[in-house]
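User: Could you walk me through some features of this model? I would like to see the reasoning behind each answer.

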Amino acid sequence: MWREGYVPGGETRFWVRALGHGDDLAVLLLGWPEDGSCWRRVAPLLAEAGYRVACPDLKGFGKSDAPKKGYEPEILGDEISQLIKNLHVKKAVLVGHDWGGAVALATAFRHPGRVRSLVTISSPYRQIDLKKSWHIPAMNLPVLPELAFRLAPRKLVATTLSYAAVVQEPFTDDVVDAYTEAITASPRAWLSYYRTLSRQAVRDRVVRQVQRRVGMLPTPNEPNRLRVPALVIWGEDDPATPHSLAPQVARDLEGELVSISGVGHFVPEEDPLAVARAIVRHASEVPGSSESVGA
């Protein structure tokens with residue numbers, strides 16, 4: 001049975017949905033435009049495999065705190081590290097989809113001692129295809145995004161899910177209503193993810209493009225080496241963050257790539273069994289983790 005309540009992570013209170021028991025913890029971080037219930041199809045499979053699963057609403061989403069400041073990757077990573085500690089374990093399997101993947105990465109880079117293994121799902125790293133992810137610069141515009149999500153939030157959420165998902169069945173009216181509620185409480189808060197976390201990737205992309213044309217310019221710094229095992233999961237038919245980004249993300253993280261066919265951007269909801277199996281198989285290679293997900 002699901003358990004719900006607030007758990008502190010630094011100065012931020014996170015609303016957490018939890019399932020299962022024990023010391024083998026998996027923390028699942030949501031993507032936009034969702035809340036922690038987006039893991040409702042993956043979490044039971046992980047619990048069956050022996051994990052205690054925690055699905056927090058990210059800061060600025062759903063019922064979690066939504067302060068005006070504090071969305072820099074360093075702060076977000078520090079808070080998730082504290083959240084893991086306050087869930088009474090030393091380390092967790094840390095999984096993040098979309099923006100949750102960026103937050104999970106920030107946590108793993110800054111606090112590798114808190115992360116047993118890292119899984120990112122449809123989450124760009126150091127590069128963005130702005131032809132496909134045109135919504136990122138749009139979200140960086142002043143005022144207009146806030147206004148749009150005040151005036152027509154449900155339509156925008158429904159359109160996003162319809163466009164970016166290949167498998168539509170999981171996104172019932174009740175699900176769309178829940179996600180709409182999660183992002184309408186404080187649009188300015190979650191827009192901070194677009195206005196902070198995306199900018200470094202955009203800057204790196206621009207510099208790389210210019211450097212290819214002007215050979216005298218230095219390339220951007222190489223990524224810091226990740227000190228935890230990494231797995232990159234991507235939907236092969238993702239129209240929002242295209243699969244063409246996935247191999248480079250896996251190389252940059254020195255991790256394994258699992259490509260899932262027949263799904264779009266919202267992989268955990270479109271093919272939860274494939275996601276759960278990939279997470280458990282990857283984590284089982286790290287000492288001290290559970291080993292199997294039932295068919």
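What follows is a set of questions and answers on a predicted model.

User: Happy to start with the pockets. Which element gives the largest share of the lining of the second largest pocket?

Analyst: Good place to begin. The second largest pocket has a volume of about 160 Å³, and its lining includes W15, R17, A178, E181 and A182. Two elements, β2 (12-19) and α7 (173-184), each supply at least two residues of that lining. The largest share, 3 residues, comes from α7.

User: How many residues of that lining of the second largest pocket are charged?

Analyst: The lining is made up of E4, W15, R17, D35, D57, G62, K63, A178, E181, A182 and A185. Sorted by type, 4 of these residues are nonpolar and 1 is polar. The charged residues of the lining number 6.

User: Thanks! Now the salt bridges: what distance separates the closest N and O atoms of R281 and E285?

Analyst: Let's look at the two partners in turn. R281 is partly exposed because its relative accessibility is 36%, between the limits of 20% and 50%. E285 has 56% relative accessibility, over 50%, so E285 counts as exposed. The two form a salt bridge, and their closest N and O atoms lie apart by 3.7 Å.

User: Which residues are joined into one network by salt bridges that share partners?

Analyst: By the rule used here, the count of salt bridges comes to 16. Some of them share partners, and one network built this way joins E4, R17, D35 and D57.

User: R154 caught my eye. Which helices does its salt bridge with D173 link?

Analyst: R154 and D173 form a salt bridge, with 3.7 Å between the closest N and O atoms. The pair links distant parts of the chain, 19 residues apart. R154 belongs to helix α6 (residues 153-164) and D173 to helix α7, so the helices you asked for are α6 and α7.

User: Is D173 buried, partly exposed or exposed?

Analyst: The limit that matters here is a relative accessible area of over 50%. D173 has a relative accessible area of 56%, whereas its partner R154, at 33%, counts as partly exposed. Because its value is over that limit, D173 is exposed.

User: And what is the N to O distance in the salt bridge between D177 and R154?

Analyst: This pair also links distant parts of the chain, with D177 in helix α7 and R154 in helix α6, 23 residues apart. D177 is partly exposed, its relative accessible area being 36%. The side chains of D177 and R154 meet with an N to O distance of 2.6 Å.

User: Let's turn inward. Which helix gives the most to the lining of the largest cavity?

Analyst: The structure holds 1 cavity of 30 Å³ or more, and about 40 Å³ of space lies in the largest cavity. Its lining consists of F14, L58, K59, L76, E79, I80, V103 and Y193, which divide into 6 nonpolar, no polar and 2 charged residues. With 3 residues, the helix that gives the most is α2 (residues 73-86).

User: One last one, on the surface. Is L144 buried or exposed?

Analyst: L144 lies in helix α5 (residues 144-151). Together with L141, V143, L147 and L151, L144 forms a nonpolar surface patch with about 510 Å² of accessible area. Its own relative accessibility is 53%, and since the limit is over 50%, L144 counts as exposed.

Note on methods: Residues numbered from 1 in each chain as written. Predicted model: local features only at pLDDT ≥ 70, side-chain atom pairs only at ≥ 80, totals over all residues. Heavy atoms only, no water. Patch = residues over 30% accessible without salt bridge, like charges linked within 9 Å, V, L, I, M, F, W, Y side chains within 5 Å. Areas by Shrake-Rupley, 256 points an atom, 1.4 Å probe, with all protein chains shown as cover. Salt bridge = Lys/Arg side-chain N within 4 Å of Asp/Glu carboxyl O. Helix = DSSP H or I, 4+ residues; strand = E, 2+ residues; numbered from the N terminus. Buried < 20%, exposed > 50% of the residue type's maximum accessible area, 1.4 Å probe, protein only. 1 Å grid on protein atoms, 1.4 Å probe; cavity = no way out; pocket = protein on both sides within 12 Å on 5 of 7 lines; lining within 4 Å. Points joined across faces, edges and corners; volume = space filled by probe spheres on them. Nonpolar A, V, L, I, M, F, W, Y, C, P; charged D, E, K, R; others polar.
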